[in-house]
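This report introduces a protein model with a bound ligand to a reader who has not met it before. Please look at the sequence and the structure below before reading on.

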Amino acid sequence: MKSTYSLDDAIRKIPDFPKPGILFYDITGILVNPPAFKYCIDRMVEMYKNEHVDAIAAIESRGFIFAAPFAERMGIPLILIRKKGKLPGKTWACSYALEYGKAEIEVHQADVTPGMRVLVMDDLIATGGTLNAAKNVLEQGQAQVIGFFGVVGLPFLNYDAVLKDVPVRTLIEYFGE
Ligand code: AMP
């Protein structure tokens, strides 16, 4: 176990993964570095502890890893947003465009209460398309999305334009590939 860390050093940068031209920011280096992982959860709690957050919704699958300790520390429900076909109950769904092709995500209807104030998170925000689709499924249940959080942000991909009107926070940002 390392006794010191830099969040930047803990995030491995893998060129040409999963395809040529993409620089992949790999958060598994945070997970094997307990002080770095603790730093992330501490900072998330610090950012939101004085806000009215009724629940956190997290995107499959890396979003779950950060959202679970945060939910436990905050004493709030954790809502799972999963790829199509994974949730057994009745769901709300949203299709959205990927760079190539499209994807669909779902949330359990029973997990969403009308009026609940939900923070939505993922490990990394790139174009913002995934978080925007998550907002759509939560709003089908009349929830209010009060914030977006990503451990890593890539603002040069203009997620601000897609996630407009809802505050976006990140722990570290990268500005080019
Ligand atoms: P987006 O919907 O474009 O904001 O993409 C966000 C989702 O894709 C997240 O679940 C990320 O884990 C993943 N992702 C997109 N681009 C990258 C990247 N350069 N490195 C690591 N993960 C990425």
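In this predicted model, the side chains of Asp26 and Thr28 are joined by a polar contact of 2.8 Å. Asp26 belongs to strand E2. With a relative accessibility of 11%, Asp26 falls under the 20% cut-off and therefore counts as buried.

Ile27 is found in the loop that runs between E2 and helix H2 (28-31). Because its relative accessibility is 1%, Ile27 is also classed as buried. Between the C-alpha atom of Ile27 and that of Pro114 there is a separation of 33 Å, and the two residues stand 87 residues apart along the chain.

Another buried residue is Asp123, whose relative accessible area is 4%. Asp123 is part of strand E7. Its side chain makes a polar contact of 2.7 Å with the side chain of Arg62.

**The ligand and its surroundings**

Where does the ligand sit? The ligand occupies the largest pocket. Three elements each give two or more residues to the shell around the ligand: strand E2 (23-26), strand E7 (117-125) and helix H5 (129-140). E7 supplies the largest share of this shell, with 4 residues.

There are 14 residues around the ligand, and those that come nearest are Arg62, Asp122, Asp123, Thr127 and Thr130. Sorted by class, the shell holds 7 nonpolar residues, 4 polar residues and 3 charged residues.

Arg62 thus appears in two settings: Arg62 is among the residues that come nearest to the ligand, and the side chain of Arg62 is in polar contact with that of Asp123.

The table sets out distances between protein atoms and oxygen atoms of the ligand.

| Residue | Protein atom | Ligand atom | Distance |
|---|---|---|---|
| Arg62 | side-chain N or O atom | oxygen atom | 2.7 Å |
| Gly128 | backbone N or O atom | oxygen atom | 2.8 Å |
| Thr130 | polar side-chain atom | oxygen atom | 2.5 Å |

How much of the ligand's exposed area does the protein bury? Taken alone, the ligand exposes 490 Å², of which the protein buries 81%.

In summary, the ligand sits in the largest pocket, with residues from E2, E7 and H5 in the shell around the ligand. Asp123, one of the residues that come nearest to the ligand, lies in E7 and is buried.

Conventions: Residues are numbered from 1 along each chain as its sequence is written. This is a predicted model: local features need pLDDT of at least 70, side-chain atom pairs count only at pLDDT 80 or more; totals for chains, interfaces and linings use all residues. Side-chain values use heavy atoms; hydrogens and water are left out. A residue is near a molecule or strand if one of its heavy atoms lies within 4 Å of it. A polar contact is a pair of N or O atoms within 3.5 Å; within protein, one must be able to donate a hydrogen and the other to accept it, and residues adjacent in sequence count only if both atoms are side-chain atoms. Accessible areas come from the Shrake-Rupley method with a 1.4 Å probe; for residues, only the protein chains shown count as cover. On a 1 Å grid over the protein atoms alone, a cavity is a set of points where a 1.4 Å probe fits but cannot get out, and a pocket is an open set with protein on both sides within 12 Å along at least five of seven lines; lining residues have an atom within 4 Å of a point. A molecule sits in a cavity or pocket if more than half of its atoms lie within 2 Å of its grid points. Ala, Val, Leu, Ile, Met, Phe, Trp, Tyr, Cys and Pro count as nonpolar, Asp, Glu, Lys and Arg as charged, and the others, Gly among them, as polar. Buried means under 20% relative accessible area, exposed over 50%, partly exposed in between (1.4 Å probe, protein chains only).
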